[in-house]
Amino acid sequence: MTSLPAGSVPRLVVAAPSSGSGKTTVATGLMAALAARGLAVSPHKVGPDYIDPGYHALATGRVGRNLDAYLCGAELVAPLFLHGARGCDLAVVEGVMGLYDGAAGEGELASTAHVAKLLRAPVVLVVDASSQSRSVAALVHGFVSWDPEVRVGGVILNKVGSDRHEALLREALDSVGVPVLGVLRRAAPVETPSRHLGLVPVAERGSEAVDAVAAMAALVSDGCDLEALVGLARAAGPLPGGSAPWTPGPLPTHRPTRPAEKSPPRIAVAGGAAFTFSYAEHSELLAAAGAEVVTFDPLRDEGLPDGTAGLVVGGGFPEVYASELSANEPLRKAVAELALSGAPVAAECAGLVYLCRELDGMPMCGVLDASARMSERLTLGYRDAVAVADSALAVAGTRMRGHEFHRTVVEPGAGAAPAWGMRAPERRVEGFVERGVHASYLHTHWASEPGVARRFVERCRTS
């Protein structure tokens, strides 16, 4: 199969009636199975989730990318898809929650169904059949008929118990007119461990993650009709007219630096097992704005990269690695010194916690006069926010949409100059703007407002 223009790349969406039905197993296994056949597979995930794209990347060897109609706007879904799918043979998009579950109170916005319609992509419905037989027909019929604009092109039955169980399910579905494209038996090897914020990320599991993805690929290869799934993907209609790939901007040309010119500002981006939550487009935007982006691991590196002019610390699991992060005193001091110098620092969620004085009594960087602790309460949901104060990221009044997802609490929750004023679902201020620091619980997708990356790089260049 030869590579096609991104606008006509075959594609399908893997969805389910609800969370826990097996979307990630099927989507990841399908990606890996098709990649093993020599196809260049473009992996995507509906919604703000950072963890599933890590498994997708492991399955395909390509960057896993998110498609979020709330964070980025519906108008950017197709362009961001085309950006990720450029030069690929086929794209697989894993859905979020149930097929029709979107942003709370916003109708279909940001649901899997919404994204499928924006991409004009057929849907494969993964159904957990473990506790039903004939009722599966009513369930599938409901999902097929709910929105005529959503094309459910097939069903994959998951957690099927026996040949007899499979026969009952197939017989029931004959009346619905939706083909069964796969039947997967219960299989322990594909189970992936979870904790308080979902699956354990790939970066923390090493060879176990590789084995899990291989098991998913084997399960899907053995139980699904891969040719029929590829055929369904090829039947996707053309994307809406005028859709063009998103671009972060022209990448800087590499040429000798003249004596009078400054070198590109070096921006250090936290990575490693403790800070795995990052959208690929952020680093692409920073590079396109003229920065040299260097990744470092706060669990292992005792200093920031030489010549660091700015720092980006995204989300992750500082609570899981609190003792190791605290024990790395040389790096904590280096981060504090950089922040105190006025250099630009952008921190989201885990990054905010890392900049506090302490986390559950263990010393952190001490950049912010605030403390963090674990909580039993999960804070989760989309947010409509506006920048309260001028910062290294945005001018006051800049409106962005974001997402919160954490079980930690920072006290106080906002500084004298808060980072964001939340407009919805509740009105409050949150985060900190101090010197060059912008720290907040809010995860944002910079593709929706590329000016924040350009502003950050310019501040790194002039600070």
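Q: What does contact mean when two helices meet?
A: Contact means heavy atoms within 4.5 Å. In this predicted model, Val 136, Ala 137 and Val 140 of H5 meet Leu 169, Ala 172 and Leu 173 of H6. The residues of this contact divide into six nonpolar, no polar and no charged.

Q: At what angle do H5 and H6 pack, and how far apart are their axes?
A: Helix H5 covers residues 135-146 and helix H6 covers residues 163-173; they pack at an angle of about 45 degrees, and their axes are 8 Å apart. That angle makes H5 oblique to H6. As for handedness, the crossing of H5 and H6 is right-handed.

Q: Happy with the helices! How do strands of a sheet pair?
A: They pair through backbone hydrogen bonds, either parallel or antiparallel. Here, six strands form an open sheet with mixed pairing, in the order S11-S10-S12-S13-S21-S20. At the edges, strand S11 (292-296) and strand S20 (432-434) each pair on one side only. On average, neighbouring strands of the sheet are turned by 15 degrees against each other, direction ignored.

Q: In which sense do S13 and S21 pair?
A: Strand S13 (residues 345-348) pairs with strand S21 (residues 437-440) in the parallel sense, over four bridges. To find the register, look at Val 345, which stands opposite Val 437 in S21.

Q: Which strands does helix H10 touch, and which does helix H12 touch?
A: Helix H10 (residues 280-288) packs on the sheet and touches S10, S11 and S12, with its direction at about 140 degrees to that of S11. Helix H12 (residues 329-340) also packs on the sheet, touching S11, S12, S13 and S21; the direction of H12 makes about 110 degrees with that of S12.

Definitions and conventions
Residues numbered from 1 in each chain as written. Predicted model: local features only at pLDDT ≥ 70, side-chain atom pairs only at ≥ 80, totals over all residues. Heavy atoms only, no water. Axes fitted to C-alpha atoms, helices over the stretch in contact; angles between N-to-C directions. Helix = DSSP H or I, 4+ residues; strand = E, 2+ residues; numbered from the N terminus. Parallel < 35°, antiparallel > 145°, perpendicular 65-115°, else oblique. Left-handed = near helix turned anticlockwise from the far one by under 90°. Nonpolar A, V, L, I, M, F, W, Y, C, P; charged D, E, K, R; others polar. Pairing = 2+ DSSP bridges.
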